[in-house]
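Please look over the sequence and the three-dimensional structure shown here before reading on. The report is meant for someone meeting this structure for the first time.

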Amino acid sequence: MTIAPPSGLGAGPAALTNEELQNFVASPLAGCAGTLEPDEWYPIAAKPARARVEAARALAVCAACPVRAECLELSLRTWSGAGQHGVWGGLVEADRNSLRREWLRGAPVTALLARLARAR
Ligand code: SF4
């Protein structure tokens, strides 16, 4: 079976509409489709290190997800709603909040994720 990618693939997350980003996150490409229990995507701890432990299985799924950047972009754009809570783009809320300040100043999510990957 061939899975057709959502339209916009290759355009870069910043160039996509919220609807296009949502299509990526809800597509079969998304690593979280049908995996893990819902609670595993919503760590309770406020401290980032503890939240990462609680969400370790979800974060491992995100690490291999091909739409991670689109997911992070959508989270940051919808921060006043659902995008603030739980795991998005391979990051817990506190870690996304740290990146959000740079994103608001114009840093693309692809650059932010690349920096995180180099730091690990
Ligand atoms: S980055 Fe994580 S939360 Fe986002 S679509 Fe991929 S697996 Fe799901």
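What follows describes one helix, its packing partner and the nonpolar core.

The model is a predicted one, and the account begins with helix α1, which spans residues 18-25 and whose buried residues are Leu21, Phe24 and Val25. Seen down the axis of α1, these buried residues fall within an arc of 95°, so they line one face of the helix. The partner against which the buried residues of α1 pack is α4, residues 68-77.

The two helices pack at an angle of about 130°, and their axes are 9 Å apart. Because of that angle, α1 counts as oblique to α4, and α1 passes α4 in a left-handed crossing. The residues that make this contact are set out by helix below.

| Helix | Residues in the contact |
|---|---|
| α1 | Asn18, Leu21, Gln22, Phe24, Val25 |
| α4 | Glu70, Cys71, Glu73, Leu74, Arg77 |

Both helices also take part in the largest nonpolar core, which has 25 residues. Within this core, the residues with the most contacts are Val25, Ala55, Ala58, Cys71, Leu72 and Val87. Two or more residues are given to the core by each of α1, α3 (56-63), α4, α5 (93-104) and α6 (109-119), and the largest share, five residues, comes from α4.

Ala55, one of the core residues with the most contacts inside it, touches Glu40, Trp41, Pro43, Val87 and Val92 when residues up to four places away in sequence are not counted. Among these neighbours of Ala55 is Val87, which is likewise listed with the residues that have the most contacts inside the core.

Methods:
Residues are numbered from 1 along each chain as its sequence is written. This is a predicted model: local features need pLDDT of at least 70, side-chain atom pairs count only at pLDDT 80 or more; totals for chains, interfaces and linings use all residues. A residue is buried if 20 or more other C-beta atoms lie within 10 Å of its own, exposed if 12 or fewer, and partly exposed in between; C-beta atoms are placed from the backbone. Helices (H or I, at least four residues) and strands (E, at least two) are DSSP runs, numbered from the N terminus. The arc is that of the directions from the helix axis to the C-beta atoms. Two residues are in contact if their C-beta atoms, placed from the backbone, lie within 7 Å. A nonpolar core is a set of buried Ala, Val, Leu, Ile, Met, Phe, Trp, Tyr and Cys residues joined through C-beta atoms within 7 Å. Axes are lines fitted to C-alpha atoms, for helices over the stretch in contact, and angles run from 0 to 180 degrees between N-to-C directions. Angles under 35 degrees count as roughly parallel, over 145 as roughly antiparallel, 65 to 115 as roughly perpendicular and the rest as oblique. A crossing is left-handed if the near helix is turned anticlockwise from the far one by less than a right angle, and right-handed if clockwise.
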